[in-house]
Amino acid sequence: MEKEKKVLFSGMQATGNLTLGNYLGALKNWVTLSDEYECYYSVVDMHSITVRQDPAVLRKRARALLTLYIAAGIDPEKNCIYYQSHVSGHAELAWILNCFTYMGELNRMTQFKDKASKHADNINAGLFTYPVLMAADILLYQADVVPVGIDQMQHLELTRDIAQRFNAIYGDVFTVPEAYIGKVGAKIMSLQDPTRKMSKSDENPNASIYLMDDPDTIRRKCKRAVTDSEAQILYRPEQPGVKNLLDIYCACTNKTPEEAVREFDGCGYGQLKEAVGEAVVGVLSPLQQRVRELEKDKAYIDGVIKMNAEKAAYTANKTLRKVQKKVGFPERIR
């Protein structure tokens, strides 16, 4: 029997605080995908511990992230929203896939080199095999599509290689996933360095707008955004700071860049920054209000966590049992 909907998998790490870029570039679009796909949205807390974490902070941030998923409009009845660490199949499948992944492939992963350079005192095996766990995340749910940015494309290619290698040996076990090509979310850049993406790990507090920033903080950060000395509001690569502000404004107001440029014709950068600040506040205030409502309803969030973990585990175990049988593990006696 064919799947009614194709399966989509995605996840975010429970480290740092989500930014406006995370929301406009990914989370906002996730909401609409459940109409077309069967969606699994994971809080990938197992990936988080490749870098040392404060346990209490990690737990708090994991719950906050799951709550944000729901507050953003992702329906936990239609989508599976769960903690990666609550489904043991992720770790079990990752071990098996480690045995079908070559050292040379992992050595080529640019993200490992980048993270190793930033955490030279903690270059652990998990950091090295991180892409195999990511492959397990995806293949466990037989995902057809995975929304990925440029920085994750290399990992998805490795996932495809592992799946095809396993299938070549044992038959048609894994769905070979494709990159999700759909409505692309806005690519939001740093307010202080518009040549780089807005990041939740940026050391400059003025570079990123966080989803739970209060209105005054949002307005202040927008006012401090880097522009240029050209004193004209045009949407072009030569003015990356202005272009980024227009991108943010358009993503928050659903206007086109052409409409925005016309709207700000004859205006100064101060007026643009003020309008962007108000547009961001208008988008984030209802989200923040919903987060606060959900945080008060502990029983509801606990219920979502339990129900969705069971749903995810049920699907994951179907794949895992099949894989275990294929590689020759003894059958479990029930």
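# A walk through the model, starting at Tyr210

Start by selecting Tyr210: this residue is buried, with a relative accessible area of 16% (buried means under 20% relative accessible area, exposed over 50%, partly exposed in between, using a 1.4 Å probe and protein chains only). Before you go on, remember that this is a predicted model, where local features need pLDDT of at least 70 and side-chain atom pairs count only at pLDDT 80 or more, while totals for chains, interfaces and linings use all residues. Residues are numbered from 1 along each chain as its sequence is written, and side-chain values use heavy atoms, with hydrogens and water left out.

**Around Tyr210**

Tyr210 sits in the loop between β5 (178-179) and α9 (215-223). Helices here are DSSP runs of H or I with at least four residues, strands are runs of E with at least two, and both are numbered from the N terminus. Now show what touches Tyr210, skipping neighbours within four places in sequence: you should get Asn17, Leu18, Thr19, Ser199, Lys200, Asp202, Lys221 and Leu284. Contact means heavy atoms within 4.5 Å. Try a distance label from Tyr210 to Ser199: they are 11 residues apart along the chain, and their C-alpha atoms are separated by 9.5 Å.

**The second largest pocket**

Keep Asn17 on screen, and add Lys60, Arg61, Ala64 and Leu65: of the 24 residues lining the second largest pocket, these five are the closest to its centre. The volume of this pocket is about 470 Å³. A pocket is an open set of points on a 1 Å grid over the protein atoms alone, where a 1.4 Å probe fits, with protein on both sides within 12 Å along at least five of seven lines; lining residues have an atom within 4 Å of a point. Points are joined across faces, edges and corners, and the volume is the space filled by probe spheres set on them. Which helix gives the largest share of the lining? Colour α3, which supplies eight residues. Then colour α3 (55-71), α12 and α13 together, since each supplies at least two lining residues.

**Helix α4**

Next, select residues 89-98, which is α4, and pick out Gly89, His90, Leu93, Ala94, Ile96 and Leu97, which are buried. Look down the axis of α4: its buried residues fall within an arc of 165 degrees, so they line one face of the helix. That arc is taken from the directions from the helix axis to the C-beta atoms. What do they pack against? Show α2 (45-48), β3 (80-83), α7 (125-140), α8 (153-170) and α13 (298-327).

**Along α8**

Stay with α8 and select His155, which lies in this helix. His155 counts as buried, at 2% relative accessibility. Leaving out neighbours within four places in sequence, its contacts are Met109, Gln111, Tyr130, Pro131 and Met134.

**Aromatic pairs**

There are 11 aromatic pairs to hunt for. Rings of Phe, Tyr and Trp (its six-membered ring) pair if their centres lie within 6.5 Å; planes under 30 degrees apart are stacked, over 60 edge-to-face, and the rest tilted. One of them is Phe166 with Tyr170, a tilted pair at 4.7 Å centre to centre and 45 degrees between the planes. Phe166 and Tyr170 are four residues apart in α8, so about one helical turn separates them. Phe166 is buried at 0% relative accessible area, whereas Tyr170 is partly exposed at 25%.

Now jump to Tyr249 and Phe264, an edge-to-face pair with 5.0 Å between centres and 70 degrees between planes. This pair links distant parts of the chain: Tyr249 is in helix α10 (residues 240-253) and Phe264 is in the loop between α11 (257-263) and α12 (269-296), 15 residues apart. Buried or exposed? Tyr249 is buried at 6%, and Phe264 is buried at 5%.

For a group view, select Phe9, Tyr40, Tyr82 and Tyr141, which form one aromatic cluster.

**Cysteines**

How many disulfides are there? Zero, by the rule of cysteine sulfur atoms within 2.5 Å. Why not at Cys222? Its closest cysteine sulfur, in Cys252, is 8.6 Å away, too far for a bond. Cys250 is in no disulfide either, with the sulfur of Cys252 the nearest at 9.4 Å. Cys222 is buried at 1%, and Cys250 at 8%.

**Two last stops**

Finish in the loops. Ala231 lies between α9 and α10 and is exposed at 61%. Although not a glycine, Ala231 has a positive phi of about 60 degrees. Asn254, in the loop between α10 and α11, also has a positive phi of about 60 degrees without being a glycine, and counts as exposed at 66%.
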